[in-house]
Amino acid sequence: MSEDAVRVCFVCLGNICRSPTADGVMVALVEQAGLSDRVVVDSAGTSAYHVGEGADRRSAAVARGRGYHLTSRSRQFVDADFQRFDYVLAMDRSNLRNMQRMAGARSFSGTLRLFRDFDPHSPPGADTPDPYYGGPKGFDDVLDLCERGCQGLLDHIKAERGW
Ligand code: 4NP
């Protein structure tokens, strides 16, 4: 891993549906771009509800259908994460508010923003809707949004770094 690696953490509520999906998509895009030694990808949840669990089987199934492998283990986002990442990306505004209230956010010098703000086709301030209590379409929609947002994020990082 090169020293100037960019470190990205996607954060949702449970860390079993949305952020593991964004994580898996981003890892695939980074690999395709030949940047695996320069971009570190992780995910976490603002809650501890599902700590230790792998991705929700519904998220894993739709991801597998498009060739992505979701490898996350749910963990809670902690203050120390603000020192480990350059980009902390919230999947919705509630996740963003919860992290903005954490002590570590005050001295954070990186980027704490909504994930969909990196998708040029999403309106500003848009949430990635929580699919957990809904039907299968919600999981497919999350995957669509993750593909768009991760491509936009990778384009942004490449432009920022001059890669
Ligand atoms: P996620 O989805 O935040 O995208 O992982 C959820 C998972 C679990 C719960 C809510 C949302 N829950 O309430 O247990």
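This is a short tour of the structure, stop by stop, with a selection to make at each one. Keep in mind that the model is predicted.

**Stop 1: the sheet**

Select the strands. There are four, and they form an open sheet. Read across it and the order is S2-S1-S3-S4. The pairing is parallel. Now colour residues 39–45, strand S2, and residues 111–114, strand S4. These are the edge strands, and each of them pairs on one side only. Turn the view to look along the sheet. From one strand to the next, the twist averages 20 degrees.

**Stop 2: inside the sheet**

Select residues 6–12 for strand S1 and residues 87–90 for strand S3. Four bridges join this parallel pair. Which residue of S3 does Val-8 stand opposite? Show side chains and look: the partner is Tyr-87.

**Stop 3: two helices on the sheet**

Add residues 18–32, which make up helix H1. Helix H1 packs on the sheet and touches S1 and S2. Its direction makes about 175 degrees with that of S2.

Next, add residues 136–161, helix H5. Helix H5 also packs on the sheet, where it touches S1 and S3. Compare its direction with that of S1: the angle is about 155 degrees.

**Stop 4: Asn-95**

Move to helix H4, residues 93–100, and pick out Asn-95. Is Asn-95 buried or exposed? Its relative accessible area is 2% and the cut-off for buried is under 20%, so Asn-95 counts as buried. Now show what surrounds it. Setting aside neighbours within four places in sequence, Asn-95 is in contact with Val-11, Cys-12, Leu-13, Arg-18, Thr-46 and Ala-90.

**Stop 5: Lys-137**

Go back to helix H5 and select Lys-137. Its relative accessible area is 59%. Exposed means over 50%, so Lys-137 is exposed. Try the distance tool from Lys-137 to Thr-111. They are 26 residues apart along the chain, and their C-alpha atoms are separated by 31 Å.

**Stop 6: the largest pocket**

How do we find empty space in a protein? Rolling a probe the size of a water molecule over the atoms shows where such space is left.

Select Leu-13, Gly-14, His-50, Asp-130 and Tyr-132. Of the 13 residues that line the largest pocket, these lie nearest its centre. You met Leu-13 at Asn-95, as one of its contacts. The pocket holds about 170 Å³ of space. What kinds of residue make up its lining? Eight are nonpolar, three are polar and two are charged.

Terms used. Residues are numbered from 1 along each chain as its sequence is written. This is a predicted model: local features need pLDDT of at least 70, side-chain atom pairs count only at pLDDT 80 or more; totals for chains, interfaces and linings use all residues. Side-chain values use heavy atoms; hydrogens and water are left out. On a 1 Å grid over the protein atoms alone, a cavity is a set of points where a 1.4 Å probe fits but cannot get out, and a pocket is an open set with protein on both sides within 12 Å along at least five of seven lines; lining residues have an atom within 4 Å of a point. Grid points are joined across faces, edges and corners, and a volume is the space filled by probe spheres set on the points. Ala, Val, Leu, Ile, Met, Phe, Trp, Tyr, Cys and Pro count as nonpolar, Asp, Glu, Lys and Arg as charged, and the others, Gly among them, as polar. Two strands pair if DSSP finds at least two bridges between them. Helices (H or I, at least four residues) and strands (E, at least two) are DSSP runs, numbered from the N terminus. Axes are lines fitted to C-alpha atoms, for helices over the stretch in contact, and angles run from 0 to 180 degrees between N-to-C directions. Contact means heavy atoms within 4.5 Å. Buried means under 20% relative accessible area, exposed over 50%, partly exposed in between (1.4 Å probe, protein chains only).
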